[in-house]
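Hi,

Here is the structure I promised to pass on. Have a look at it first, and my notes follow underneath.

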Amino acid sequence: MVKKKSFDKKAFQNEVKTAVRNLYRKEFEEATSQEVYQAVSLAIKDDIIENWLATQKVMDEEDPKIVYYMSMEFLIGRLLGNNMISIGYYDEMREALEELGLDINAIEDEEPDPALGNGGLGRLAACFLDSLSSLGYVAYGCGIRYRYGMFKQKIEDGYQKEVPDNWLKDGYPFELKRPEYRYEVKFGGYVRTDVDASGEAHFHHEGYRSIMAVPYDMPVAGYGNNVVNTLIIWDAEPREVFSLDSFDKGEYDKAVEEQNLARNLVEVLYPNDNHIAGKELRLKQQYFFVSASLQRALEKFKKTHRSLKDLPKKVVFQMNDTHPTLTVGELMRLLMDEEGLSWNDAWEITSQCVAYTNHTIMSEALEKWPIEIFSRLLPRVYQIVEEINRRFLEEVRTRFPGDEAKVANLAVIYDGQVKMANLAMVAGYSVNGVAALHTEILKKQTLKDFYDMYPEKFNNKTNGITQRRFLLHGNRLLADWVTGKVGEDWVTDLYKLKELTLYADDKKAQHEFMNIKYQNKLRLAKYIKEHNGVEVDPRSIFDVQVKRLHEYKRQLLNILHVMYLYNQIKEHPEMEFYPRTFIFGAKASAGYHIAKLIIKLINNVGEVINNDPTIEGKIKVVFIEDYRVSNAEWIFAAADVSEQISTASKEASGTGNMKFMLNGALTIGTMDGANVEMVQEMGIENAFIFGMSADEVIEHEKIRDYNPMEIFNQDQDIRKVLMQLINGFYAPNDPELFRDIYNSLLNTQVTQYADTYFVLKDFRSYAEAQRKVEETYRDTDLWAKKAILNVANVGKFSSDRTIQEYVDDIWHLDKIKVK
């Protein structure tokens with residue numbers, strides 16, 4: 001770690017006051033909270049830019065290899081507090097601001113969460129950038145500057161309502177517009193081919209419409225090492241902002257047509273693709289940021305290198321899931337059409353520069369594009385992909401003669417679709433899964449044919465999280481306690497937490513740990529009261545499930561179990577029951593009907609239970625609106641129980657599970673995704689494991705022998721819960737409201753298979769695991785011991801470890817040092 005410079009408190013305070021004057025033409029005492037936040041951010045940004053420039057200078061001098069991390073999402077969270085921590089002055093700056101009468105927590109609350117991502121995919125990308133900087137590797141994150149993100153979630157009458165997330169309305173102080181690096185991105189049109197005297201074909205894209213991609217740079221500061229990498233988010237601007245000629249002719253809509261085209265491209269993340277226009281917009285977004293990022297990367301490389309054939313020695317493009325797979329076709333296009341390389345040379349470079357991370361086991365989630373849309377929007381790239389497919393299938397048929405079933409599975413273009421995962425695997429020199437179980441399922445099932453053909457490409461990189469955001473910043477009380485026990489080296493080496501094992505049986509340490517948890521529960525309880533109007537008991541068990549809402553993640557199993565517990569208490573009021581607060585947080589995709597209906601169910605169940613005085617507050621149900629990184633930090637810190645209950649074999653990895661573990665929550669979960677490795681680290685006795693194994697699920701899916709109606713008929717408690725979905729118990733004004741959920745569990749005419757994700761099959765096992773949770777929690781010392789052991793064994797799940805494995809096995813980057 002670089003020795004930090006001394007902090008000048010007075011100078012910092014003066015910088016803040018000066019920033020208020022310069023930005024708003026008012027004295028510091030007159031500034032609003034938002035204006036103070038902007039001024040403080042500007043003062044901190046000065047320090048960061050100094051290190052940013054120093055990092056660039058080292059890059060210019062040492063010419064290290066660079067990874068471009070290509071991702072549709074970067075869920076970076078608020079940057080003010082994180083930047084204060086990274087540059088090493090958090091406590092000093094907090095004290096300086098307190099002297100000015102300012103509360104750092106209130107200032108941080110003025111910062112919007114940058115709406116650049118949605119779920120685990122985007123948060124993982126953000127953790128990776130943090131680790132790359134903190135480990136001293138050079139990286140550029142490449143994504144899109146969404147104006148409104150996916151959406152801001154409002155809960156109205158229990159329903160999710162999607163509203164624009166206008167995070168840029170006050171300006172964002174940590175972004176820097178770089179108009180000097182603008183690039184043209186072309187859509188539509190046609191390809192004209194001519195042949196020169198030597199017989200060489202040349203391709204010309206004509207009749208297209210184009211948009212200018214303009215980058216905004218965001219700093220990604222490493223912890224305590226002065227390294228600052230860059231997140232490049234691309235905005236779209238028209239080539240011609242306003243057509244005066246069209247306006248003068250009275251063609252007012254046409255006058256701003258180009259501006260609207262550009263604006264639509266970057267308005268939202270994941271536009272609803274239930275219609276053709278939505279599909280087209282998604283494909284345009286992917287090509288837009290990929291093309292701009294590649295043009296920037298090639299221009300940067302060419303400034304200091306003579307031959308593009310050396311590109312693989314200095315550059316790697318990591319494709320985060322299938323969204324950036326157009327990197328393959330676009331890099332080929334740029335190398336051939338713009339740089340004049342032959343097909344063979346371009347392919348040699350491309351296939352040594354691109355690597356692919358797979359994030360899904362479910363084959364239906366692997367991205368595919370209709371040929372009609374792809375070829376119309378990207379005619380030249382489609383030609384290239386067709387040629388890649390032709391050459392590849394020649395190789396397949398040579399290696400597996402007569403096996404047309406294998407040809408169908410491996411083809412990049414088949415049945416009128418372009419299969420993006422197949423393209424990534426054909427071109428990528430590395431294909432990695434994100435948890436050991438996930439990677440094995442890819443090799444044996446989802447991508448088996450590719451593994452048979454290219455086993456050397458496949459490897460595993462179990463996901464990780466950054467402890468700097470999710471413990472050092474998000475849970476200051478626990479972070480200070482940990483530092484007091486094992487020193488501060490854990491901030492950059494999470495394996496140091498192993499030393500906490502010594503305190504697992506220490507009564508004093510146990511009581512300290514549980515008191516910290518209680519303080520964090522008080523903080524979250526206050527947040528819930530302010531935002532939900534619900535009083536929750538911080539002495540109750542905080543049982544938490546926060547993640548993207550999808551049926552395979554089984555929020556439905558959780559809420560059905562809550563309904564079951566409520567029935568038990570109502571039927572047996574004398575029964576022993578430790579008070580439980582069930583906390584949910586999740587966004588459902590705008591077009592995902594069942595997922596949105598599950599949100600409504602959770603809220604309706606909460607409305608009934610929270611307002612039933614006869615159960616004396618034994619259960620509370622809370623749905624936290626607009627779950628995001630900033631409120632997640634408080635939720636992880638306060639949780640007692642972490643719900644990781646996906647259907648085994650469906651979750652690639654998960655990272656929320658790791659954040660809960662880091663903060664001392666005990667996992668109730670299936671042996672799915674990274675849960676398997678977490679249990680190996682912490683010991684199965686320190687988690688509550690239930691349900692079928694991945695192999696059992698896969699076998700049931702294969703032979704199709706599961707009939708949930710048998711469970712419905714035989715289990716009276718489950719039958720009562722399901723009947724409450726359709727008898728008006730939780731929707732007296734509309735008894736049929738939850739019929740689609742009921743049907744999804746029982747009626748094979750509505751879904752391909754009833755209870756696709758085995759909710760009823762695993763219900764009793766889950767209920768028994770929940771019983772053990774309550775039994776264990778009653779023994780406070782035992783619970784504290786298990787919680788401490790969770791924290792002590794979380795070392796493997798740092799994104800620092802994950803990134804080092806990427807570096808060692810895939811990227812082969814060079815470290816830099818910035819003084």
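How are α10 and α12 oriented to each other? Bear in mind that this is a predicted model. The axes of helix α10 (residues 276–304) and helix α12 (residues 326–338) cross at roughly 45° and come within 9 Å. That angle falls outside the ranges for roughly parallel (under 35 degrees) and roughly perpendicular (65 to 115), so the two helices are oblique to each other. Their crossing is right-handed. On the α10 side the contact residues include Leu 283, Tyr 287 and Val 290, and on the α12 side they include Leu 326, Arg 333 and Leu 334. By type, the contact residues split into eight nonpolar, four polar and two charged.

Arg 333 turns up again in a salt bridge with Glu 338, with the closest N and O atoms 3.3 Å apart. Arg 333 is buried, at 12% relative accessible area, while Glu 338 is partly exposed at 47%.

On to the other salt bridges: the whole structure has 68 of them. One pairs Lys 314 with Asp 63, at 3.6 Å between the closest N and O atoms. Lys 314 sits in helix α11 and Asp 63 in the loop between α2 and β1, so this pair ties together parts that are 251 residues apart in sequence. Asp 63 is partly exposed, at 26% relative accessibility.

A more local case is Glu 98 with Arg 94: both lie in helix α4 (residues 90–99), four residues apart, about one turn of the helix. Their closest N and O atoms are 3.8 Å apart.

Cheers

How values were computed:
Residues are numbered from 1 along each chain as its sequence is written. This is a predicted model: local features need pLDDT of at least 70, side-chain atom pairs count only at pLDDT 80 or more; totals for chains, interfaces and linings use all residues. Side-chain values use heavy atoms; hydrogens and water are left out. Axes are lines fitted to C-alpha atoms, for helices over the stretch in contact, and angles run from 0 to 180 degrees between N-to-C directions. Angles under 35 degrees count as roughly parallel, over 145 as roughly antiparallel, 65 to 115 as roughly perpendicular and the rest as oblique. A crossing is left-handed if the near helix is turned anticlockwise from the far one by less than a right angle, and right-handed if clockwise. Contact means heavy atoms within 4.5 Å. Ala, Val, Leu, Ile, Met, Phe, Trp, Tyr, Cys and Pro count as nonpolar, Asp, Glu, Lys and Arg as charged, and the others, Gly among them, as polar. A salt bridge is a side-chain nitrogen of Lys or Arg within 4 Å of a carboxyl oxygen of Asp or Glu. Buried means under 20% relative accessible area, exposed over 50%, partly exposed in between (1.4 Å probe, protein chains only).
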